Amino acid sequence: MFGLFKKRQSPPTAAELSALAASALVEVKDKWVFFNQTIHFASEVSLAEKIDLFVQPVQEFFEKKYSVLLLGSYEMFWLTVFTAILESGTHPKEEVNLAISELRKKYAGAR
């Protein structure tokens, strides 16, 4: 009743966490590429603003499917998103790094 006598799962191993992180990266990258190809913004919308809009629904997905990766902190989520965008090749590295810097400033106090 209520899971009181249910055997607790052991924490994931480093290999399992690594595999989850790799899977999350692939899925977030695919979602970014789709988002980037299907949503068209005015030219004055910065990449940081686009990323900010992108992470809102992706955050919910990540929390549901990869919640174990968030046990330490939310940095894993942001690292996955930024790496996915960099690896997607949709924007030059310098532009992505500038957007990351802008988002860090925006969310620095939100920790």
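**Figure 1. Contacts across the chain in the predicted model****.** Of the contacts in the protein that join residues at least 6 apart in sequence, 66% link residues at least 24 apart. The model in which these contacts were computed is a predicted one. The protein has 4 helices and 0 strands, and its elements follow the order α-α-α-α from the N terminus. Along the principal axes, the C-alpha atoms occupy a box of roughly 55 × 30 × 25 Å.

**Figure 2. Surface, burial and charge of the whole protein****.** Of the 111 residues in the protein, 28% are buried. The accessible surface amounts to about 7,900 Å², and carbon and sulfur atoms contribute 58% of this area. The protein carries 13 positive and 13 negative charges, whose mean positions lie 8 Å apart.

**Figure 3. Helix α1 and its buried residues****.** Helix α1 comprises residues 14-38, a run of 25 residues. From its first C-alpha to its last, α1 reaches 36 Å, close to the 36 Å expected at 1.5 Å a residue. The buried residues of α1 are Ala21, Ala24, Leu25, Val28, Trp32 and Phe35. Their cover includes α2 (47-65) and α3 (75-88).

**Figure 4. Helix α3 and its cover****.** Helix α3 has 14 residues. Its reach from first to last C-alpha is 20 Å, close to the 20 Å expected at 1.5 Å a residue. Buried positions in α3 are Phe77, Thr80, Val81, Phe82, Ala84, Ile85 and Ser88. What covers these residues includes α1, α2 and α4 (93-107). Just after α3, Gly89 adopts a positive phi of about 75°.

**Figure 5. Surroundings of Thr80 in helix α3****.** Thr80 belongs to helix α3. Thr80 counts as buried because its relative accessibility is 5%, below the 20% limit for burial. With neighbours within four places in sequence left aside, Thr80 is in contact with Ala24, Leu25, Val28 and Phe62. Ala24, Leu25 and Val28 are themselves buried residues of α1.

**Figure 6. Surroundings of Ile85 in helix α3****.** Ile85 is also part of helix α3. With a relative accessible area of 0%, Ile85 is buried. Apart from neighbours within four places in sequence, Ile85 contacts Trp32, Ile51, Thr90 and Val96. Among these partners, Trp32 is a buried residue of α1. Ile85 and Leu20 are 65 residues apart along the chain, and their C-alpha atoms are separated by 18 Å.

**Figure 7. Ser88 and the backbone of Ile85****.** Ser88 lies in helix α3 and is among the buried residues of that helix. A polar atom of the Ser88 side chain is 2.7 Å from the backbone oxygen of Ile85. Not counting residues up to four places away in sequence, Ser88 touches Lys29, Trp32 and Val33. Trp32 is thus a contact of Ser88 and also a contact of Ile85.

Notes: Residues numbered from 1 in each chain as written. Predicted model: local features only at pLDDT ≥ 70, side-chain atom pairs only at ≥ 80, totals over all residues. Heavy atoms only, no water. Helix = DSSP H or I, 4+ residues; strand = E, 2+ residues; numbered from the N terminus. Buried < 20%, exposed > 50% of the residue type's maximum accessible area, 1.4 Å probe, protein only. Contact = heavy atoms within 4.5 Å. Areas by Shrake-Rupley, 256 points an atom, 1.4 Å probe, with all protein chains shown as cover. Lys, Arg positive; Asp, Glu negative; His and termini not counted. Charge placed at Lys NZ, Arg CZ, Asp CG, Glu CD. Expected span 1.5 Å × (residues − 1). Polar contact = N/O pair within 3.5 Å; in protein donor to acceptor, adjacent residues only side chain to side chain.
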